[in-house]
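Here are a few notes to go with the model you are about to open. Have a look at it first, then read on.

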Amino acid sequence: MPKVGMEPLRRKALIDATISAIGERGSLDVTMSEIAGRAGVSSALAHHYFGAKDELLFATMRHILAELTIDMRRALQSAATPRERVSAVVAVNFSDIQFQPETIAAWLAFYVEAQKSSALRRLLRVYARRLHSNLMSGLTGILARHEADRAAEATAALIDGLYIRRALKDGVPDAATAIALVEDYLEIKLGGRQTQ
């Protein structure tokens, strides 16, 4: 008989193991057995909680997005000006929690898999819409709506592009440099405009 209260812990362990396995492998070419072993549970239990590997991958992506959303809400609540809101969005995307090798590899693998999986494609669309909306929440206080829309699109592309470039390099991700690159673009685009 399963221990009461263990399911959430085991689900989280399986999601963490999925991120770790994808990060090590650099692709979604991992088995449920490999993931279960990393999580310290049996393959049967992994299948019991998630069914097929695709469902575990979907749950893992949802987990990553949920963590990003929580971090983003917290950062945006403490931003006092539109410009601070934009910088908060950038900083959260390159935070220690988000911009680590395993998570970066998972994002790249999910982008690739989303080309084949409509469920993952929907999740990536949700992420893209949220990122755009969060950027617009600050940019529309600084720029005209059409300019803000273009700046949000370009900033999102820089963020995604830096993740892709980081995934293709060895070594520890350099969040400070990534943030500086995006902030340099924003300074040029905003022309020093700081709306209160």
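Which helix gives the largest share of the positive patch?

1. Helix α7 (residues 118–139) does, with four residues. The patch of positive charge sits on the surface and gathers R73, R122, R125, R129 and R130. Take R125 as a sample: you'll find R125 in helix α7, and with 46% relative accessibility R125 is partly exposed. Do keep in mind that this is a predicted model.

2. Now the overall fold. The chain has nine helices and zero strands, so its pattern along the sequence reads α-α-α-α-α-α-α-α-α. The C-alpha trace spans about 60 × 35 × 30 Å along its principal axes.

3. How does the chain pack? Of its 196 residues, 43% count as buried. Looking at contacts between residues at least 6 apart in sequence, 67% of them join residues at least 24 apart. The chain exposes about 10,400 Å², and 54% of that comes from carbon and sulfur atoms.

4. P82 is a handy example of a buried residue. P82 belongs to helix α5 (residues 82–93), and P82 counts as buried because its relative accessible area is 13%, which is under 20%. In sequence P82 and L135 are 53 residues apart, yet their C-alpha atoms are 9.4 Å apart in space.

5. On to charges. The chain carries 25 positive and 22 negative charges, and the mean positions of the two sets are 5 Å apart. The count of salt bridges comes to nine.

6. One salt bridge joins the side chains of R25 and E34, at 2.9 Å from N to O. R25 is partly exposed at 41% relative accessibility, and E34 is partly exposed too, at 23%. R25 and E34 also belong to a network of salt bridges that links them with E24 and R38.

7. Another salt bridge stays inside one helix. D71 and R74 both lie in helix α4 (residues 53–77), three residues apart, or about one turn of the helix, and their side chains meet at 3.4 Å, N to O. Buried or exposed, what is each partner? D71 is buried, with a relative accessible area of 14%, whereas R74 is exposed at 53%.

8. K116 and E113 form a salt bridge as well, with their closest N and O atoms 3.5 Å apart. K116 counts as exposed because its relative accessible area of 66% is over 50%, while E113 is buried at 19%.

Technical notes
Residues are numbered from 1 along each chain as its sequence is written. This is a predicted model: local features need pLDDT of at least 70, side-chain atom pairs count only at pLDDT 80 or more; totals for chains, interfaces and linings use all residues. Side-chain values use heavy atoms; hydrogens and water are left out. Helices (H or I, at least four residues) and strands (E, at least two) are DSSP runs, numbered from the N terminus. Buried means under 20% relative accessible area, exposed over 50%, partly exposed in between (1.4 Å probe, protein chains only). Contact means heavy atoms within 4.5 Å. Accessible areas come from the Shrake-Rupley method with a 1.4 Å probe; for residues, only the protein chains shown count as cover. Lys and Arg count as positive and Asp and Glu as negative; His and the chain ends are not counted. The place of a charge is taken as NZ of Lys, CZ of Arg, CG of Asp or CD of Glu. Patches are made of residues with over 30% relative accessible area and no salt bridge: like charges are joined within 9 Å, nonpolar side chains (Val, Leu, Ile, Met, Phe, Trp, Tyr) within 5 Å. A salt bridge is a side-chain nitrogen of Lys or Arg within 4 Å of a carboxyl oxygen of Asp or Glu.
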